[in-house]
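Here are my notes on this one, point by point. Have the viewer open while you go through them.

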Amino acid sequence: MPGEGGHLRVNVREDPGLAAFGKQLRRADKVLAADFAELNEEHANRIASAARANAGSDGGVEAKAAAAIKAVKSASELAITITSTTAHPYALGAFYGAKRYKQFADWVGNQWEPGASDDGPYAVAPAITAEAPKMLEAYGAATVDFFNERFADAGGGTVGARARGVI
């Protein structure tokens, strides 16, 4: 879905409480929020890497624009972005397609559900569909470990127990 500044933002994990959670983290501890942003970026990079690999194997303008697919560092979401810059001015056309310009594939539209099908942006949607289930499972475990490590002195072990349904 188009975002600010010509970026394509894809929320890999849409959760109504995630933005509020990120706000609370930023207020509670800037270092904790920065560390959590790194965790999010690390996991979002799994999908970005898969999308770049897809783009590279597709050849043509997609291969040239593959470097425009990047993970976003954010404490409130797992996201990737496709940035159309002077280095890759054709990036959005390469992955969304176009109705008018024949050097791009057919327009795929911007109303699609991430992870629901391969109908979205070229190279990106198939990567999300393939990687999201595995990545989200790993992300859930890493998030529990993240908080258990940081709150061990405050009984952090209960975070993992709650997540597993033990408490």
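1. What share of the contacts in the chain with a separation of 6 or more comes from residues 24 or more positions apart? The figure is 59%. Keep in mind throughout that this is a predicted model, so every number below is computed from predicted coordinates.

2. The overall layout, for orientation. Six helices and three strands make up the secondary structure of the chain. Reading from the N terminus, the order is β-α-α-α-β-β-α-α-α. The chain has 167 residues, and 40% of them count as buried. Its accessible surface is about 9100 Å², with 51% of that belonging to carbon and sulfur atoms.

3. Next, the strand pair. β2 and β3 run antiparallel and are joined by three bridges; in this pairing K70 sits opposite T81 of β3. As for cover, five of the five residues of β3 are buried. A79, T81 and T83 point one way from the strand, while I80 and I82 point the other way. Both sets are buried, so don't go looking for an exposed face on β3: a residue needs over 50% relative accessible area to count as exposed, and under 20% to count as buried.

4. Now the core. The largest nonpolar core holds 32 residues, and I69, I80, I82, F95 and V124 are the ones with the most contacts inside it. α2, β2, β3, α4 (91-96) and α5 each give two or more residues to this core. I69 is a good place to start clicking. Setting aside neighbours within four places in sequence, I69 is in contact with A48, A51, R52, I80, T81, I82, F95 and V124. That list includes I80, I82, F95 and V124, which also appear among the residues with the most contacts inside the core.

5. On to the aromatics. How many aromatic pairs does the structure hold? There are four. In one of them, the ring centres of F146 and F147 are 4.9 Å apart and the planes meet at 85°, so the pair is edge-to-face. Angles over 60 degrees get that label. Both residues are buried, F146 at 5% relative accessibility and F147 at 10%. Together with F36, F146 and F147 form one aromatic cluster.

6. Salt bridges. A search of the whole structure turns up two. One joins the side chains of E38 and K73, at 3.8 Å from N to O. This pair links distant parts of the chain: E38 is in helix α2 (residues 30-58), and K73 is in the loop between β2 (69-71) and β3 (79-83), 35 residues away. With the cut-off at 4 Å, the 3.8 Å here falls within it. E38 is at 42% relative accessibility, so it counts as partly exposed; K73, at 47%, is partly exposed as well. The backbone tells a related story at this spot: the C-alpha atoms of E38 and S74, 36 residues apart along the chain, are separated by 7.5 Å.

7. The other salt bridge is between the side chains of E131 and K134, at 3.5 Å from N to O. Here both partners lie in helix α5 (residues 124-150), three residues apart, or about one turn of the helix. E131 has 22% relative accessibility and so counts as partly exposed; the buried class stops at 20%.

8. Finally, the loop between α4 and α5. Which residue there has a positive phi although it is not a glycine? That is A123, with a phi of about 70°, placed in the loop between α4 and α5. A123 is buried, with a relative accessible area of 4%. W107 is found in this loop too, and at 37% relative accessibility it counts as partly exposed. Not counting residues up to four places away in sequence, W107 touches Y96, G97, A98 and K99. W107 and Y122 are 15 residues apart in sequence, with 9.6 Å between their C-alpha atoms.

Definitions and conventions: Residues numbered from 1 in each chain as written. Predicted model: local features only at pLDDT ≥ 70, side-chain atom pairs only at ≥ 80, totals over all residues. Heavy atoms only, no water. Helix = DSSP H or I, 4+ residues; strand = E, 2+ residues; numbered from the N terminus. Buried < 20%, exposed > 50% of the residue type's maximum accessible area, 1.4 Å probe, protein only. Contact = heavy atoms within 4.5 Å. Areas by Shrake-Rupley, 256 points an atom, 1.4 Å probe, with all protein chains shown as cover. Phe/Tyr/Trp six-rings, centres within 6.5 Å; stacked < 30°, edge-to-face > 60°. Pairing = 2+ DSSP bridges. Core = buried A, V, L, I, M, F, W, Y, C linked by side-chain atoms within 4.5 Å.
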